[in-house]
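Hello,

Here is the structure I promised to pass on to you. Have a look at it first, and then read on for my notes.

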Amino acid sequence: MRVLVLDYGVGNLFSLCAALERAGVEPVVAAEFPSEQDFAALVLPGVGHFTPVAERLGEMRDRLQQWLADGKPILGICLGMQILFEESEEGAGRGLSFFRGRVVRLPNSVKVPHIGWNALRVRQRHRLLEGIEDGAWVYFVHSYHPYPEDPTIILAEAEYGRTFPAIVAEGVLFGMQFHPEKSGGVGRRVLENFLAIARERWNS
């Protein structure tokens with residue numbers, strides 16, 4: 001099974017692709033949407049600044065919208081998750097607006113960026129979280145986090161200065177504020193769950 005990793009000029013691709021390979025799929029990195037359609041899922045990686053990524057992905061919004069309309073899963077990681085929302089305090093530009101809400105900075109009461117391990121607090125059970133216990137630890141590197149208008153999309157939260165969404169989902173659209181590719185066995189399981197959802201839809 002092939003998974004498209006969209007390269008829009010941010011880092012983190014090597015460790016992400018290695019994690020996808022360990023999960024048994026073939027990651028294909030591309031800066032544009034390939035003409036071929038044989039991809040079961042799409043991953044938006046994320047390290048960087050909101051504004052240039054918003055500009056880059058804004059040009060691809062129609063293709064991404066069609067991807068979702070075709071029922072193919074999308075996973076946004078860190079900034080790749082934040083860009084799924086409408087706007088960000090980090091900078092100018094419009095996000096993809098697939099989720100309603102904005103991205104806000106972590107409070108000044110804590111050291112920013114937030115780099116390290118934090119526990120997930122599961123808010124609702126979902127197939128993406130199969131095998132993941134409440135309190136499981138994952139690895140974060142971020143200064144901002146989403147603030148969804150619709151709190152029912154939040155599957156899990158974490159705490160750093162305030163409680164913030166760590167995993168969101170709606171239909172075949174998923175976002176993780178932490179880095180699953182750097183989160184050991186817990187991150188591997190969440191990625192495997194995402195790929196299982198994609199595989200099931202791909203084979204149906």
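A word before the details: this is a predicted model. I will begin with the largest pocket, which holds about 150 Å³ of space. Its lining is made up of 13 residues, and Gly48, Cys78, Val141, His142 and Ser143 are the ones that lie nearest the centre. If you would like to find the pocket by its secondary structure, look for helix H4 (79-82) and strand S9 (137-142), each of which supplies at least two residues of the lining. By type, the lining residues divide into six nonpolar, six polar and one charged.

Cys78 deserves a second look. Besides lying among the residues nearest the centre of the largest pocket, Cys78 has a positive phi, near 55°, in a residue other than glycine. You will find Cys78 in the loop between S4 and H4. Is Cys78 buried or exposed? With a relative accessible area of 5%, Cys78 is buried, because the cut-off for that word is under 20%.

Next comes helix H3 (residues 61-69). Which of its residues are buried? They are Leu64, Trp67 and Leu68. These three cover an arc of only 95° around the axis, so they sit on the same side of H3. Asp62 and Ala69, on the other side of H3, are exposed. What do the buried residues of H3 pack against? Their partners are strand S1 (2-6), strand S3 (41-44), helix H2 (50-58), strand S4 (74-77) and strand S13 (173-176). After H3 comes Gly71, with a positive phi near 80°.

Now to the interior. The largest nonpolar core has 40 residues, and the ones with the most contacts inside it are Leu20, Leu75, Leu120, Leu128, Ile167, Phe178 and Phe194. Helix H5 (residues 184-203) gives the most to this core, contributing six residues. A second, separate core has 33 residues, including Leu6, Ala30, Ile74 and Val103.

Ile167 is a good place to zoom in. Leaving aside neighbours within four places in sequence, Ile167 is in contact with Leu120, Leu128, Leu129, Ile153, Ile154, Leu155, Ala156, Gly175, Met176 and Phe178. Among these partners, Leu120, Leu128 and Phe178 also appear in the list of residues with the most contacts inside the largest core.

A few places in the loops are worth a visit too. Where is the cis peptide bond? It joins Val112 and Pro113, with omega at about 10°. Pro113 lies in the loop between strand S6 (101-105) and strand S7 (114-119). Ser97 is in the loop between strand S5 (87-88) and S6. Although Ser97 is not a glycine, its phi is positive, at about 60°. Ser97 counts as partly exposed, at 26% relative accessibility.

Last on my tour is Thr152, found in the loop between strand S10 (144-148) and strand S11 (154-159). Thr152 has 56% relative accessibility and therefore counts as exposed, the cut-off being over 50%. Thr152 and Ser88 are 64 residues apart along the chain, and their C-alpha atoms are separated by 20 Å.

I hope these notes help you find your way around. Do write back with any questions.

Best wishes

Notes
Residues numbered from 1 in each chain as written. Predicted model: local features only at pLDDT ≥ 70, side-chain atom pairs only at ≥ 80, totals over all residues. Heavy atoms only, no water. 1 Å grid on protein atoms, 1.4 Å probe; cavity = no way out; pocket = protein on both sides within 12 Å on 5 of 7 lines; lining within 4 Å. Points joined across faces, edges and corners; volume = space filled by probe spheres on them. Helix = DSSP H or I, 4+ residues; strand = E, 2+ residues; numbered from the N terminus. Nonpolar A, V, L, I, M, F, W, Y, C, P; charged D, E, K, R; others polar. Buried < 20%, exposed > 50% of the residue type's maximum accessible area, 1.4 Å probe, protein only. Arc of directions from axis to C-beta. Contact = heavy atoms within 4.5 Å. Core = buried A, V, L, I, M, F, W, Y, C linked by side-chain atoms within 4.5 Å.
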